[in-house]
Amino acid sequence: MQQTFAIVKPDGVARGLIGDVLKRIESAGLRFKAMKLVHMTKAQAEGFYAVHKARPFFKSLTEFMSSGPALVMILEGENAIARWREMMGATNYKDAAEGTIRRDFATDIEKNVVHGSDAPETAAFETSYFFNAFERV
Ligand code: ATP
Ligand code: MG
C-alpha cells in the first residue's frame, strides 16, 4: 500500500471540478486519507514548488497556485503515486492521453487542474507540508 499527495488546483476548484475529480479517484479505488481546502499564500506556494524556483514559469505558477482555494488530499492505494499520475495525464493537456483529467478538463499548460507527487520522497515532503498527524485518518 502506498500514499500520494494530490491537489485540485485553484482553476479546478473555481471551475466546479472538485466533484468530477473526486468521482474519478473513488472509481479508481483509491482511498482518501486526508482532505481540506487551503488558500495558499504566495510564500506557501513558493515553498511547495521550490524545486521549480529556477524555471521561467515559477512566478506565474506560484501566483496561480495562491490565486484561490485549492483542495489538498492524501490518497492511498496500491501503486498510488503512479496510478494518480496516470489518471492526471501529461503536464501539457495537449499531450495528455485520452480519458485523463488534464486531457478532459485542462485549458492551459499551467492551469492544468490537478497535481500529483512524482516519487515517494516528494509524496512524503508534500504530505507533511500540508497535513499534521491529527488531520490524517
Ligand atoms: P505537478 O507537479 O503540478 O503535478 P507535473 O509534475 O506534471 O505537475 P511539473 O514539471 O512538476 O509538472 O510542473 C509543475 C507545474 O508547473 C505544472 O503542473 C504546471 O502547472 C506548471 N508548468 C510546468 N511547465 C510549465 C510551462 N512550460 N509553462 C507554464 N507552466 C508550467
Ligand atoms: Mg511535478
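**A tour of ligand 1 and a salt bridge**

Select ligand 1 and the 13 residues around it; those that come nearest are Tyr 49, His 52, Thr 91, Glu 110 and His 115. Keep in mind while looking that this is a predicted model.

Colour that shell by residue class next. Its members divide into 4 nonpolar, 5 polar and 4 charged residues.

Now show the side chains that put a polar atom beside an oxygen atom of ligand 1. Start with Thr 91, where a polar side-chain atom lies 2.6 Å from an oxygen atom of ligand 1. Move on to Asn 112: here the distance from a polar side-chain atom to an oxygen atom of the ligand is 2.8 Å. His 115 also has a polar side-chain atom 2.8 Å from an oxygen atom of ligand 1. With these contacts on screen, switch on the surface of the ligand: taken alone, ligand 1 exposes 580 Å², and the protein buries 81% of that.

Hide the ligand and display the pockets of the protein. The largest pocket is the space taken by ligand 1.

Leave the ligand and select Glu 76 and Lys 33. Their side chains meet in a salt bridge, with 4.0 Å from N to O. Which strands hold the two residues? Glu 76 lies in strand β3 (residues 70-77) and Lys 33 in strand β2 (residues 31-38), so this pair ties together parts that are 43 residues apart in sequence. To finish, display the salt bridges across the whole model; the count comes to 7.

Key: Residues numbered from 1 in each chain as written. Chains lettered and ligands numbered in written order. Predicted model: local features only at pLDDT ≥ 70, side-chain atom pairs only at ≥ 80, totals over all residues. Heavy atoms only, no water. Near = heavy atom within 4 Å. Polar contact = N/O pair within 3.5 Å; in protein donor to acceptor, adjacent residues only side chain to side chain. Areas by Shrake-Rupley, 256 points an atom, 1.4 Å probe, with all protein chains shown as cover. 1 Å grid on protein atoms, 1.4 Å probe; cavity = no way out; pocket = protein on both sides within 12 Å on 5 of 7 lines; lining within 4 Å. Sits in = over half its atoms within 2 Å of the grid points. Nonpolar A, V, L, I, M, F, W, Y, C, P; charged D, E, K, R; others polar. Helix = DSSP H or I, 4+ residues; strand = E, 2+ residues; numbered from the N terminus.
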